[in-house]
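I opened this notebook to keep track of what I looked up. The entries below follow the order in which I worked.

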Amino acid sequence: MRHKGLALLLIVIGLVGCGRNDGDTGESVDPSESETCGGFLGTSCPDGLACVDDPSDDCDPEHGGADCPGVCVEEPSTTMCGGFAGFPCPDGLECVDDPSDDCDPKHGGADCGGICVEPKPKPTMCGGFAGFACPEGLECIDDPSDDCDPRHGGADCGGICVVPEPRPPACGGITARQCPKGLTCIDDPGDDCDPAIGADCGGICVAR
C-alpha cells in the first residue's frame, strides 16, 4: 500500500512539472515577423525597429495607398537615408541620391533611397555687395548655385573662391611671342583688345 501511495505522489509531481510552462518554448520570435505598424491607426514600431511597407500585400503607398499597413524591420544601416520613410542621416552627414540604384529623384523618383556621406566643404564666399576677396591663390567666380547672374543685372552677386584654371601660354603681342611646338596662337577672348583694330593684341596658345 505504501508503494502505491509513493507511485501516486511521483505521478502528481511529474504532472505539475510538465504543466509549468512560462511560455518559453525554446524558440525565439523575430519581431519583424510578428509586429505590424502604420496603416489607418499609424501604429508605431518598438524601439530599434522601423516601419516599412509590407511587400506581401497589394497595398502600395506610392500609388494611392495612404493607409497601407507596414511591418517592423530592423533599423536600416546608418549609411542609408531618405526613401519613403525619410530616414535621416546621423549628425555630421548629409543624404545624397544613391548612385548605385536605378531611382533618379530628378526624374520622378520622389521616394528614392539615399546614402549618407560627409558633406563637401563649402567654398569660401567672395564678391557680393561687400566685395569680399578670395584667399591668395584662389579666384572669385560667380556662384552657379544661386539665381543671381552678374551678366543680367546682378551687379552685387555673391561668388565663390575656386582654384583658377591654368592659363594657356601667351603669345603674339608687341613682342610677337611664339607658341610652343604643336600649338597655335589665337586672339585672347578674355581681353578687350580686338586684333582687327589693335595690331599688337596679345594672344593665347591653343591646340589645333
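These entries go from the whole chain to single residues.

**Entry: the model and the chain**

I note at the outset that this is a predicted model. I counted the elements. The protein chain has two helices and twelve strands. I then read their order from the N terminus. Both helices come before the strands: the run is α-α-β-β-β-β-β-β-β-β-β-β-β-β.

I looked up burial next. Of the 208 residues in the protein chain, 17% are buried. The exposed surface comes to about 16,000 Å². Carbon and sulfur atoms supply 56% of that surface.

I also checked contact range. I took contacts between residues at least 6 apart in sequence; 43% of them join residues at least 24 apart.

**Entry: the three-stranded sheet**

In what order do the strands of the open three-stranded sheet lie? I read β10-β12-β11, with antiparallel pairing. β10 spans 170–172 and β11 spans 183–187, and both stand at the edges. Each has a single partner strand, so one side of each has no neighbour in the sheet. From one strand to the next, the twist averages 50°.

A reminder to myself: strands of a sheet pair through backbone hydrogen bonds, either parallel or antiparallel.

I took the β10 pairing in more detail. Three bridges join β10 to β12, which covers residues 202–207. These two strands run antiparallel. I looked for the bridge partner of C171 in β12 and found G203.

**Entry: disulfides**

How many disulfides are there? I got eleven. I followed up three of them, C171–C185 among them.

*C171 and C185.* The sulfur atoms of this pair are 2.0 Å apart. C171 sits in strand β10 and C185 in strand β11, 14 residues apart. The pair therefore involves both edge strands, β10 and β11, of the open sheet. The torsion about the S-S bond is about 90°, so I logged the disulfide as right-handed. Is C171 buried or exposed? C171 is buried, with a relative accessible area of 0%. C185 has 37% and is partly exposed. C171 thus has both a bridge partner, G203, and a disulfide partner, C185.

*C134 and C161.* A disulfide joins these two, S to S 2.1 Å. C134 lies in the loop between β7 (125–127) and β8, while C161 is in strand β9, so the link ties together parts 27 residues apart in sequence. The angle about the S-S bond is -95°, and the link is left-handed. For C134 I read 21% relative accessibility. The cut-off for buried is under 20%, so C134 counts as partly exposed. C161, at 7%, is buried.

*C193 and C201.* Their sulfur atoms are 1.8 Å apart. The torsion is about -80°, so this disulfide is left-handed. C193 has a relative accessible area of 29% and is partly exposed. C201 is buried at 10%.

I compared the ends within each pair. In C171–C185, C171 is buried and C185 is partly exposed. In C134–C161, C161 is buried and C134 is partly exposed. In C193–C201, C201 is buried and C193 is partly exposed.

**Entry: the loop between β8 and β9**

I went to D143 next. D143 is in the loop between β8 (139–142) and β9 (158–162). Is D143 buried or exposed? I found D143 buried: its relative accessible area is 11%, and the limit is under 20%. What does D143 touch, beyond residues up to four places away in sequence? The answer is M125, G158, G159 and I160.

P150 is found in the loop between β8 and β9 as well. At 44% relative accessibility, P150 counts as partly exposed, because exposed would need over 50%. Leaving aside neighbours within four places in sequence, P150 is in contact with D142 and C157. I also took a C-alpha to C-alpha distance from P150 to G128: 10.0 Å in space, with their positions 22 residues apart in sequence.

So this loop holds D143, which is buried, and P150, which is partly exposed.

Notes. Residues numbered from 1 in each chain as written. Predicted model: local features only at pLDDT ≥ 70, side-chain atom pairs only at ≥ 80, totals over all residues. Heavy atoms only, no water. Helix = DSSP H or I, 4+ residues; strand = E, 2+ residues; numbered from the N terminus. Buried < 20%, exposed > 50% of the residue type's maximum accessible area, 1.4 Å probe, protein only. Contact = heavy atoms within 4.5 Å. Pairing = 2+ DSSP bridges. Axes fitted to C-alpha atoms, helices over the stretch in contact; angles between N-to-C directions. Areas by Shrake-Rupley, 256 points an atom, 1.4 Å probe, with all protein chains shown as cover. Disulfide = S-S within 2.5 Å.
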